[in-house]
Amino acid sequence: MAQKEEKRMRVYWNPYFGGFLLGILIIFTFYITGRGLGATGGLKSGVVAIVDKADTEHAHENAYYSKFLNDEESPLNNWLVFETLGIILGAFLSGGLNGRLGFKVQHSPKITVKRRLIFALIGGLLFGLGAQIARGCTSGAALSGIAVLSVGGFITMLAIFGSAFLFAYFFRKNWI
Amino acid sequence: MGPLIPNEIIPAEWNSIFALVIGIAFGYILESSGFSSSRKLAGVFYGYDFAVLKVFFTAALVSSIGILYMDYMGYLDLGALYVHPTYLKGALIGGGIMGLGFITGGFCPGTSICAAAIGKIDALVYVGGILIGIFLFSELFSRFEPLYDGGFMGYITIMDAFEISPYVFVFAFTLLAVLSFVIADIVRKRVKKVVY
């Protein structure tokens with residue numbers, strides 16, 4: 001039984017190796033497209049597309065949605081949307097090949113499932129909101145920004161991690 | 001000379017295909033590095049797992065060194081690459097809010113998508129949260145607009161802002177990163193082990 005478990009759950013990559021591959025991927029992405037990676041843009045396009053479908057007039061009148069709408073093509077026809085679809089596939093592939101697929105709520109044994117899900121929802125909400133203000137997230141603003149030595153990229157990275165460290169003490173019960 | 005698609009060496013129609021393939025690679029690398037686990041990601045903030053630090057800094061260094069090298073060798077035009085714009089207020093406050101979201105939810109958007117893709121329900125909820133957050137921001141945009149547009153300093157790089165050579169800067173950044181890796185391992189050995 002223990003042997004079967006061992007075979008199913010493979011170990012994660014060495015982080016330096018993963019980081020190295022990620023760095024190479026970023027170089028490749030810039031080399032081909034002239035831009036870096038992103039993770040929030042595709043989700044933003046999704047929201048814009050949904051609102052546009054539900055109430056086109058409202059979407060066009062709103063100063064934010066209208067930035068991403070043009071009458072020629074769907075807001076979903078953009079690079080980041082295709083990339084995001086790729087992320088889902090790639091992660092699924094990696095999880096599948098390594099025996100990590102499965103529906104579950106991952107949480108510290110010290111807290112309930114309900115608590116974990118509530119904090120996950122709030123965390124996502126904050127991150128989504130913050131990413132709009134900063135015009136990017138850890139992938140798009142920080143990582144891709146730093147690759148080309150953008151000042152904004154560095155500031156965003158420092159702000160994200162600095163803030164998380166600052167608040168970590170207050171959330172310790174959820175993690176340790 | 002890169003970037004290949006903007007310089008029309010590769011036709012623009014290929015852009016979406018590259019996006020998909022690059023995305024697949026991105027998702028694969030993140031998941032294989034363990035970033036589909038919120039408890040692993042949160043580890044850097046409590047000292048029990050520094051994967052986030054190691055992956056992030058290694059990727060940042062490899063990419064910035066690689067791009068600089070390719071520019072130096074004439075394979076890639078650094079000046080033609082998209083530089084994330086610097087909006088001082090937006091970066092600080094948006095980043096601050098994101099940091100709070102990170103420690104609350106244990107994910108960032110990219111990692112949450114990876115975790116959701118392998119079935120983690122808390123990640124799915126997190127992604128739902130992101131969509132709601134984007135929606136809220138958009139609906140209340142008139143209130144956020146000054147923050148969103150505040151402190152615009154241009155599409156500036158470290159070299160523009162500090163009159164420093166990119167090579168010197170990246171060298172210093174490398175030393176700092178290596179130092180942080182050493183400190184990370186020292187801290188991890190002394191922190192109570194967390195099983196997840």
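## Chain A, element by element

Reading chain A of this predicted model from the N terminus, the order of elements is α-α-α-α-α-α-α-α-α. That comes to nine helices and zero strands. Lay the chain along its principal axes and its C-alpha atoms fill a box of roughly 60 × 40 × 30 Å.

Helix H5 of chain A covers residues 79-97, 19 residues in total. From first C-alpha to last, H5(A) reaches 27 Å, close to the 27 Å expected at 1.5 Å a residue. Just after H5(A) comes Gly99(A), with a positive phi of about 65°.

## Two domains in chain A

The domain assignment splits chain A into domain 1 (1-103) and domain 2 (105-176). Taken over C-alpha atoms, the centres of domain 1 and domain 2 of chain A are separated by 17 Å.

Where these two domains of chain A meet, eight residues of domain 1 are in contact with eight residues of domain 2. On the domain 1 side of chain A, the residues touching domain 2 divide into four nonpolar, four polar and no charged.

## Two domains in chain B

Chain B is also divided up, and here domain 1 is made of two stretches, 1-82 and 163-196, while domain 2 takes 85-154. The C-alpha centres of domain 1 and domain 2 of chain B lie 20 Å apart.

Eleven residues from domain 1 of chain B and eleven residues from domain 2 of chain B make the contact. On the domain 1 side of chain B, helix H1 (15-32) and helix H2 (38-46) each supply at least two residues. H2(B) gives the most to that side, with five residues. By class, the side of domain 1 of chain B that touches domain 2 has five nonpolar, four polar and two charged residues.

## Helices H3 and H9 of chain B

Now for a helix pair within chain B: H3 (residues 51-72) and H9 (residues 166-190) pack with their axes 10 Å apart, at an angle of about 160°. Anything over 145 degrees counts as roughly antiparallel, so that's the label for H3(B) and H9(B). Their crossing is left-handed.

H3(B) brings residues including Leu53(B), Phe57(B), Leu61(B) and Leu68(B) to the contact, and H9(B) answers with residues including Tyr167(B), Phe173(B), Phe181(B) and Ala184(B). By class, the contact of H3(B) with H9(B) has twelve nonpolar, three polar and one charged residues.

## Where chain A meets chain B

Between the chains, 107 residues of chain A are in contact with 113 residues of chain B. Several helices of chain A each supply at least two residues to the side that touches chain B, among them H2 (15-33), H3 (41-54), H5, H6 (113-133) and H8 (151-168). That side of chain A has 64 nonpolar, 35 polar and eight charged residues.

## H5 against H5

One helix pair spans the two chains: the axes of H5(A) and H5(B), the latter at residues 109-117, come within 8 Å and cross at roughly 50°. H5(A) and H5(B) are therefore oblique to each other, and their crossing is right-handed.

From H5(A), the contact is made by Thr84(A), Ile87(A), Ile88(A), Ala91(A), Phe92(A) and Gly95(A). H5(B) contributes Gly110(B), Ile113(B), Cys114(B) and Ala117(B). By class, this contact has seven nonpolar, three polar and no charged residues.

Notes
Residues are numbered from 1 along each chain as its sequence is written. Chains are lettered from A and ligands numbered from 1 in the order in which they are written. This is a predicted model: local features need pLDDT of at least 70, side-chain atom pairs count only at pLDDT 80 or more; totals for chains, interfaces and linings use all residues. Domain bounds come from an automatic or database domain assignment. Two residues are in contact if their C-beta atoms, placed from the backbone, lie within 7 Å. Helices (H or I, at least four residues) and strands (E, at least two) are DSSP runs, numbered from the N terminus. Ala, Val, Leu, Ile, Met, Phe, Trp, Tyr, Cys and Pro count as nonpolar, Asp, Glu, Lys and Arg as charged, and the others, Gly among them, as polar. The expected span of a helix is 1.5 Å times one less than its number of residues. Axes are lines fitted to C-alpha atoms, for helices over the stretch in contact, and angles run from 0 to 180 degrees between N-to-C directions. Angles under 35 degrees count as roughly parallel, over 145 as roughly antiparallel, 65 to 115 as roughly perpendicular and the rest as oblique. A crossing is left-handed if the near helix is turned anticlockwise from the far one by less than a right angle, and right-handed if clockwise.
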